[in-house]
Amino acid sequence: MDISAETYLHDLLTTLMRKQGWPTEAVSINRPRQEGFGDYATPVAMSLAKTLKQAPRAIAEKIVRNLEFDRNLIEEVSIDGPGFINFRLGPGYWQNVLAEILRKRELYGRSTWGAGRKINMEFVSANPTGPLNVVSARAASIGDVLVNLFHAVGAEASREYYVNDAGQRVRMLGYSVSARYMALFGKEEPFPEDGYHGDYIKDLAAEIRDEFGDRFVSLSLEERCDQLTQIALDRMIRAQRETLEKFRVKFDLWFSEQSLLDSNRQQEVLDLFAQKNFSYEKDGALWFRSSQFGDEQDRVLLKSDGEPTYFLGDIAYHMDKYRRGFDQLYDLWGPDHHSHVTRMEAAMQALGYPPGSFQVRIIQQVNLLRGGEVVKMSKRAGNIIEMTELIEEVGVDAARYFFLMRKLDSPMDFDIDLAKKQSDENPVYYVQYAHARVCNILAHAATKGIALSENYDLRLLKTPEELAVLRKLAEFPETVSKAAQFLEPHRLTIFLQELAAIFHHFYHEHRVVSEDAAMTQARLRLVEGVRIVLANALKLLNITAPEKM
RNA sequence: GCGCCAGUAGCUCAAUUGGACAGAGCGUUGGCCUCCGGAGCCAAAGGCUGUGGGUUCGAUUCCCGCCUGGCGCACCA
């Protein structure tokens, strides 16, 4: 049977509740933390105690007495503690799980939780005025994996990057490059006050000189800046794209802010707001009544000089996403955009989109630690720790894994020294080694001339260590769907570490390839199941599953 | 001052979204290689979950107050 034990038990109990005339909402199945309490448990008797005005244990006994179940799958039902009903599944159930894994292979872990949903995931979206930093790297790995997870639960999902290629910051990039460029020809041009001081600007200027020579020197300041802005912008964006691809992140769409301004999306927003009376004029500017939607104050849409704010552009952009058919929008923003969240949620509500269909998660700060000390960074000051440096120093696999170990909305410490260590202290190597070890066993069997036979009996797998592996393998689909559901990719890294530990333990206790031919065949299948699940999980994380290390 | 997020073992983090005796890794201490790779395994020590109240059968989880830390509070983008 492909149906999960959880669903089976849930149905079983719900049917019984109905028969008794009891409310079915109280039915919930969970997995006890404690080993001794069976594989699944329900606190339903306790939840019902109040409404039924009976003691929890009495209710539990009534439930157990009337429960009809398949004895091949459920070995034991017991009542413990204040009124928990515990279910212990038999080896047959777990052996079936392995059969299912071997049948589904790379499809094992998929589900239909998200079927029919069309999800847009916008992440990174850094200004094209500087190189990507480590927070961008964190966002990149998380957003990328979330989209993989959405696909795994049957949803349509795409990766989107909003390119802020319009506005003052971009112009400032042009002025900064221009000043550096002119300096290369010995011409003094005052460096803009809010310009970008990073070395990458000098590099860019030199690059442009090498390729285009002095052709911009004789132009007027405005003319030169216009042209240099465009060139610099293209190169910054290309560099960002290359960095992200090196990090194995590929976006489906790079959405240009400028293209939005050229369209009439912003006017549509203004018209809609005016129509619903969500906007008004004050001090020569046009304001959005965001305070009606929980914001602490109203926000400006059009400045008194008539120019649209970034906010208006962003509203229009998100309206555009809905118009393109997405029914769920997720944005991962950096910590500096914190204040923006409430007003954007307000705007989406005002436009009439369902609450919750637009959600922002703030990717929190990354503290890089080297030698136990925090490495400081600042984009403005120019001593930024670049994403490319981090990738080069610790490698893509380790960097991705470390970012994915933590919940996304809490600040994290990134220990560079640890990430670089190729030893058991480093969790990514621990997990990858488990995969390599499985491959090694399979290779070893092959050199011994043992071929995988179609004639194998999974019923031989019944020692505690084997069953422990099977139980953990069985958790994978649920782990995937919960990770997608709650936007918590770290569930996967935790799962991987647990599976690796249980497998290493099994390996230590039992030989796979032995004199016992039948047992060898069964265990080779077990090990193959471990390999499949490790590989599937690592693939969701976009991390290498090595055959050798 | 206001808002958001966080506070769990020495350190970095979990805890199945309100369930049972709060778990992992690292670090510390002590063990394990005639063997499919020791990049591994086993064991021990380590906790009043920041703090005070509340809600209930049951709270790390929900509510209120306080303390500490991070981030944010533009007609910038």
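Colleague: Which residue of strand 13 stands opposite L368?

Modeller: V375 does. This is a predicted model, so read the pairing as predicted too.

Colleague: How do you know that strand 12 and strand 13 pair?

Modeller: At least two bridges are needed. Strand 12, residues 366–370, and strand 13 have three, in the antiparallel sense. The requirement is met, so they count as paired.

Colleague: And what joins strand 12 to strand 14?

Modeller: Four bridges. That also passes the two-bridge minimum, so this is a pair as well. Here the strands run parallel. L368 appears again, opposite F414 in strand 14.

Colleague: What makes the sheet mixed, and what is its strand order?

Modeller: The order is 13-12-14, in an open sheet of three strands. One pairing is antiparallel, strand 12 with strand 13. The other, strand 12 with strand 14, is parallel.

Colleague: Why are strand 13 and strand 14 said to stand at the edges?

Modeller: Strand 13 (373–375) and strand 14 (412–415) each have a single partner strand, so one side of each lacks a neighbour in the sheet. From one strand to the next, the twist averages 45°.

Colleague: What packs on the sheet?

Modeller: Helix 14, residues 396–404. It touches strand 12 and strand 14, and its direction makes about 155° with that of strand 14.

Colleague: Which residues of strand 14 lie on its covered face, and which on the uncovered one?

Modeller: M412 and F414 are on the covered face; D413 and D415 are on the uncovered one.

Colleague: What span is expected for helix 8, and what does the model give?

Modeller: Helix 8 (221–246) has 26 residues, and 38 Å is expected at 1.5 Å a residue. From first C-alpha to last, helix 8 reaches 36 Å, close to that value. R248 follows helix 8, with a positive phi near 70°.

Colleague: C225 and C439: buried or exposed?

Modeller: The cut-off for buried is under 20% relative accessible area. C225 is at 3%, so it is buried. C439 is at 12%, so it is buried too.

Colleague: How many disulfides does the structure have?

Modeller: Zero, from a search of the whole structure. To count, two cysteine sulfur atoms must lie within 2.5 Å.

Colleague: What are the confidence scores for chain A?

Modeller: The average pLDDT is 90, and 97% of residues score at least 70. Over residues 378–382, though, pLDDT is below 50. That stretch has 12 contacts beyond near neighbours in sequence. Where pLDDT is low, predicted coordinates should not be read in detail. The model's ipTM is 0.94, and its pTM is 0.94.

How values were computed. Residues are numbered from 1 along each chain as its sequence is written. Chains are lettered from A and ligands numbered from 1 in the order in which they are written. This is a predicted model: local features need pLDDT of at least 70, side-chain atom pairs count only at pLDDT 80 or more; totals for chains, interfaces and linings use all residues. Side-chain values use heavy atoms; hydrogens and water are left out. Axes are lines fitted to C-alpha atoms, for helices over the stretch in contact, and angles run from 0 to 180 degrees between N-to-C directions. Contact means heavy atoms within 4.5 Å. The expected span of a helix is 1.5 Å times one less than its number of residues. Buried means under 20% relative accessible area, exposed over 50%, partly exposed in between (1.4 Å probe, protein chains only). pLDDT is the predictor's confidence in each residue, from 0 to 100.
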